Amino acid sequence: MISFRPKALNDKDATVVLLAAGQTHPRFKNGLEKGEIYPVLDGSKVFLFVGLGKTDKLSLTDLRVQVRKACLCTYLQKAKTVEIVPHSKEDAAIIAIIEGVAIGTYAWDKYKSRDKNDKTIKDKQITIAVEAKKIFTDAVVICQGVSLTRDLVNDNADTITSDYLEKVVRGLIKGAKNTSLEILNRKELKAKGLNLHLAVNQASNKEPKLVIVRYNGAKKNEAYTAIIGKGMTFDTGGLNLKPSGGIETMKIDMSGAAAVCGVLKNVLALGIKKNLLFVLGIAENSIGSAAYKPGDVITGYAGKSVEIGNTDAEGRLVLADAFAYIVKNYKPAKMIDLATLTGACVVALGFDYTGLFSNCDEFAGQLLEAANKTDDRAWGLPVYSELKEYIKSPIADLKNTSSIKGGGASTAAEFLHQFTEGTTWAHLDIAGSSYTEGAGRMYYGYGATGAGVRLLTHYLLNN
């Protein structure tokens, strides 16, 4: 739990963490280097000095990283109460500290056994020595949405099924009078002709779903913005089976749908005054005798036929039907989708940036500004008219793979673009940014990062 108070805690048992940037102290002749942690015992009181380096070289990302490092250090393992004394009272610095604590100390350990001798206190009371402001309490709320997303992505694929995600959504909107819910299960998907979505799921024993939450936070005549998430609860690749080394983490292929849940949680908690649609396109791309096949031609909800060039290019099929259904039945002014869509985006940008594609430069600019403000990073990549030539099929209207090598993130985005019907649209490819393996990166530990949640929440609050 994170709280705020301008005066120091009068708690002899609290451990005080002092963030020091470009500062000297009588105990340290030359100050503290960045990353250096120095404990001082004053009677029974523990003070922990944390070096942030030179002020002029301290970025907000660095600040998040150093706060995480301090919070996870051995000196704080048994502390119940921690007071953080910031080096700066600027709003951006305090938000970075909040995120260093809330996002940096997140750990997925649901299935780990705990040593009976382990005295580590996981749930600490963290107080930041600043006066409370709405912007700070909002930052704490937003981090809770990030944590929900990370929990959903990190859990087992046979736990986070379509039924489970529906239950999560129903729980989030329970009691909210300004929301309504539409759910299309297999029967409804078939009756309405969302055949691309159904094809991806047809080898699975799990129910496919299109979950749509309508949130009315503004005037009735204000147009909707739709936030659409790819929800592949597990992706084997289908008959174009993924190899070892590529299949083990494919429970994360629902990161887009999980991010939509995180943003929904934040919107409800913050009471954002916009009309919004939250859409989860959920399926499981399994293998078996019923699986859809390379070479199949399938006509989706938009009436466009698609040749299946590769069954592992499945997310764009589910999203295509979701786009078409939302455009026709809800007529949003804008659409934003989040999807772990392409390995090509990881090749282009690595793991620290989300790929951003849009048919509107102004819209893309607003999203990039939100990305820069929140450190939920994104980088603009191109969609352009010539790309359509690369996804043409000789036997169908479109093909779900490209006829050229290279530019796979852009051709995948262009495939989605074909189903926007002129709606202002942005695509966030979170294939690299949604997950981290090994010891972690920046201020993220192992597992899901919650990519897109802070970005979109900030965008909705400020545009």
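This report describes a sheet, several helices and a few loop residues in a predicted model.

## The eight-stranded sheet

Eight strands make up an open sheet, and their order across it is β7-β8-β10-β9-β13-β17-β14-β15. The pairing in this sheet is mixed. Strands of a sheet pair through backbone hydrogen bonds, either parallel or antiparallel. At the edges stand β7 (179-184) and β15 (378-380); each has a single partner strand, so one side of each is left without a neighbour in the sheet. On average, neighbouring strands of the sheet are turned by 20° against each other, with direction ignored.

One pairing inside the sheet joins β9, residues 225-235, to β13, residues 334-339. These two strands run in the parallel sense and are linked over five bridges. One of the residues involved is T225, whose bridge partner in β13 is K334.

## Helix α12 and its neighbours

Helix α12, residues 453-462, lies across five strands: β9, β10 (275-285), β13, β15 and β17 (424-429). Its direction is at about 165° to β13.

Helix α12 also packs against helix α3, which covers residues 134-154. The angle between α3 and α12 is about 140°, and their axes are 9 Å apart. An angle of this kind falls outside the ranges for roughly parallel, roughly antiparallel and roughly perpendicular, so the two helices α3 and α12 count as oblique to each other. Their crossing is right-handed. On the α3 side the residues in contact are I142, G145, V146 and T149; on the α12 side they are V453, R454, T457 and L461.

## Helices α8 and α11

Helix α8 (residues 315-330) packs against helix α11 (residues 408-417) at an angle of about 30°, and the axes are 9 Å apart. The two helices α8 and α11 are therefore roughly parallel to each other. Where α8 passes α11, the crossing is right-handed. The contact brings R316, L317, L319, A320 and F323 of α8 to A412, F415 and L416 of α11.

## Helix α7

Helix α7 consists of 16 residues, 255-270. From its first C-alpha to its last it reaches 22 Å, close to the 22 Å expected at 1.5 Å a residue. The helix is mostly covered, with 13 of its 16 residues buried. After α7 comes G271, which has a positive phi near 60°.

## Residues with positive phi

Most residues other than glycine have a negative phi. Two residues that are not glycine have a positive value here: K331, with phi near 50°, and E421, with phi of about 55°.

K331 sits in the loop that connects α8 and β13. Its relative accessibility is 61%, so K331 counts as exposed, the cut-off being over 50%. E421 belongs to the loop between α11 and β17. Because its relative accessibility is 53%, E421 is also classed as exposed.

## The hairpin of β3 and β4

Strand β3 (residues 37-42) and strand β4 (residues 45-51) pair over six bridges in the antiparallel sense. Among the paired residues is V40, whose bridge partner in β4 is F47. Two residues lie between the strands of this hairpin. G43 in the hairpin takes a positive phi, near 65°.

Key:
Residues numbered from 1 in each chain as written. Predicted model: local features only at pLDDT ≥ 70, side-chain atom pairs only at ≥ 80, totals over all residues. Heavy atoms only, no water. Pairing = 2+ DSSP bridges. Helix = DSSP H or I, 4+ residues; strand = E, 2+ residues; numbered from the N terminus. Axes fitted to C-alpha atoms, helices over the stretch in contact; angles between N-to-C directions. Contact = heavy atoms within 4.5 Å. Expected span 1.5 Å × (residues − 1). Buried < 20%, exposed > 50% of the residue type's maximum accessible area, 1.4 Å probe, protein only. Parallel < 35°, antiparallel > 145°, perpendicular 65-115°, else oblique. Left-handed = near helix turned anticlockwise from the far one by under 90°.
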